[in-house]
Amino acid sequence: MSFDELDALLARHARPDQTTAIDGLHIASITRSGPPTLEMTGTVLAVLARGRKRLAVGDRVHEYRPGGYLVASIDLPVTGHFVDVRSDSPALGFALELDSSAIADLLLDAGPAELTRTRSAAAPGIAVGTLGPELLDASIRLLRLLDHPRDRVALGPLIKREILWRLITGDQGAVVRQLGLADSGLHHIARAVRWIRDNYSEPFQVADLARLSGMSPSAFYRNFQAVTTQSPIQFQKRIRLEQARLLLTTHPNDVTAIAHRVGYDSPSQFSREYRRLFGRPPSEDARGAHRVTTVA
């Protein structure tokens with residue numbers, strides 16, 4: 001199966017809004033590199049045919065290249081950007097949304113062995129891998145359906161199911177399998193992730209998040225770090241600072257007000273932690289971001 005065909009299919013069907021005629025399938029063509037920006041991963045399989053993408057989750061950096069993929073089993077805030085992209089050589093890739101109910105059906109069909117593996121300790125929420133020939137073949141056959149509308153309804157669900165199976169049984173299967181069970185550690189941690197994301201400016205006690213997740217404090221802390229690569233406090237701090245950076249692009253002179261808005265009582269502490277994460281103080285970073293935004 002030719003990797004060139006994957007590239008050609010993506011180039012032919014890429015649209016400005018990244019949508020396709022297949023539900024849950026998105027194709028991206030990125031014509032320029034930009035500064036790292038905050039984005040949500042969603043629960044997806046993301047495959048690159050051209051270019052290089054770098055994502056930071058906490059202190060861990062994931063990078064994938066042509067022929068590589070990233071799989072995310074939880075909707076996490078990450079800092080991401082494409083590297084070394086030019087208008088004459090765009091990055092090309094596709095993202096396929098992962099359906100937890102379809103994964104659950106596959107695990108049930110596969111039998112007790114897969115279910116037992118799924119109920120093991122929580123796996124990281126994000127991982128990268130390399131396309132094997134079976135996964136590449138299934139991906140190309142799914143994309144071919146964009147040229148054959150008559151076949152989409154009948155064959156699309158079957159090929160999506162095959163792609164899920166290749167992921168479940170592949171090198172990063174542990175990341176995907178945990179999406180399939182409502183009682184997996186991932187689903188418990190997802191409740192806490194959503195709460196922190198929606199209430200990032202509010203203080204919390206780890207014991208309260210543990211109760212929300214239906215875990216003991218020690219099990220919650222261990223599983224939260226396994227899934228997000230950060231402690232709950234570090235995770236909240238990262239969201240606060242990323243949100244502050246977004247706010248500063250439109251209000252570059254309101255550093256103190258924004259510090260309070262995202263949950264900091266001390267502007268000096270905010271400035272220290274902001275500089276530690278982004279490499280320069282918020283006022284300077286805001287002016288630089290504002291200049292870039294104005295020029296663009």
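**Reasons behind the assignments**

Biologist: Why is Glu 63 counted as partly exposed?

Modeller: Glu 63 has a relative accessibility of 26%. Buried would require a value under 20% and exposed one over 50%, so Glu 63 counts as partly exposed. The model is a predicted one.

Biologist: What makes the contact of Arg 54 and Glu 63 a salt bridge?

Modeller: The side chains meet with N and O 2.8 Å apart. Because the rule asks for a side-chain nitrogen of Lys or Arg within 4 Å of a carboxyl oxygen of Asp or Glu, the pair qualifies as a salt bridge. Arg 54 is likewise partly exposed, at 29% relative accessibility. The two residues also belong to a network of salt bridges that includes Arg 52 and Arg 65.

Biologist: Where does Arg 54 stand with respect to β5?

Modeller: Arg 54 is opposite Glu 63 of that strand. β4 and β5 (residues 60-64) run antiparallel and are joined by five bridges. Their hairpin has two residues between the strands, and Gly 58 there adopts a positive phi near 65°. β4 also pairs antiparallel with β7 (residues 77-83), again over five bridges; Arg 52 has Val 83 as its bridge partner in β7.

Biologist: Why is strand β4 described as largely enclosed by the rest of the structure?

Modeller: Strand β4 covers residues 52-57, and five of its six residues are buried, so the description follows.

Biologist: What makes β1 and β9 edge strands of the open sheet?

Modeller: The strand order is β1-β8-β3-β6-β9, with antiparallel pairing. β1 (25-30) and β9 (126-130) each have a single partner strand, so one side of each lacks a neighbour in the sheet. Neighbouring strands are turned by 20° against each other on average, direction ignored. β9 pairs with β6 (residues 68-72) over five bridges, and within that pairing Ala 72 is matched with Ile 126. Helix α1 (residues 3-13) lies across β1, β3 and β8, at about 100° to β3.

Biologist: Why does the pair of Asp 147 and Arg 12 count as a salt bridge?

Modeller: The closest N and O atoms of the pair are 2.6 Å apart; the limit is 4 Å, so the criterion is met. The pair links distant parts of the chain, 135 residues apart: Arg 12 is in helix α1, and Asp 147 is in the loop between α4 (133-144) and α5 (149-168). Asp 147 is partly exposed, with a relative accessibility of 34%.

Biologist: What separates Glu 162 and Arg 166 in helix α5?

Modeller: Glu 162 and Arg 166 are four residues apart, which means about one helical turn. Their side chains form a salt bridge at 3.7 Å, N to O, and that value is within the 4 Å limit. Glu 162, at 22% relative accessibility, is partly exposed, as is Arg 166, at 32%. By this rule the structure has 17 salt bridges.

Biologist: How do you know that the reach of α10 is close to the expected value?

Modeller: Helix α10 (residues 232-250) has 19 residues and spans 28 Å from first to last C-alpha, against 27 Å expected at 1.5 Å a residue. Its buried residues include Phe 235, Leu 241, Ala 244 and Leu 248.

Biologist: Which residues touch the most other members of the largest nonpolar core?

Modeller: Leu 6, Phe 94, Leu 143, Ile 163 and Phe 270 do so, in a core of 80 residues. Beyond its neighbours within four places in sequence, Phe 270 contacts residues including Leu 241 and Ala 244.

Definitions and conventions
Residues are numbered from 1 along each chain as its sequence is written. This is a predicted model: local features need pLDDT of at least 70, side-chain atom pairs count only at pLDDT 80 or more; totals for chains, interfaces and linings use all residues. Side-chain values use heavy atoms; hydrogens and water are left out. Two strands pair if DSSP finds at least two bridges between them. Axes are lines fitted to C-alpha atoms, for helices over the stretch in contact, and angles run from 0 to 180 degrees between N-to-C directions. Contact means heavy atoms within 4.5 Å. A nonpolar core is a set of buried Ala, Val, Leu, Ile, Met, Phe, Trp, Tyr and Cys residues joined through side-chain atoms within 4.5 Å. Buried means under 20% relative accessible area, exposed over 50%, partly exposed in between (1.4 Å probe, protein chains only). The expected span of a helix is 1.5 Å times one less than its number of residues.
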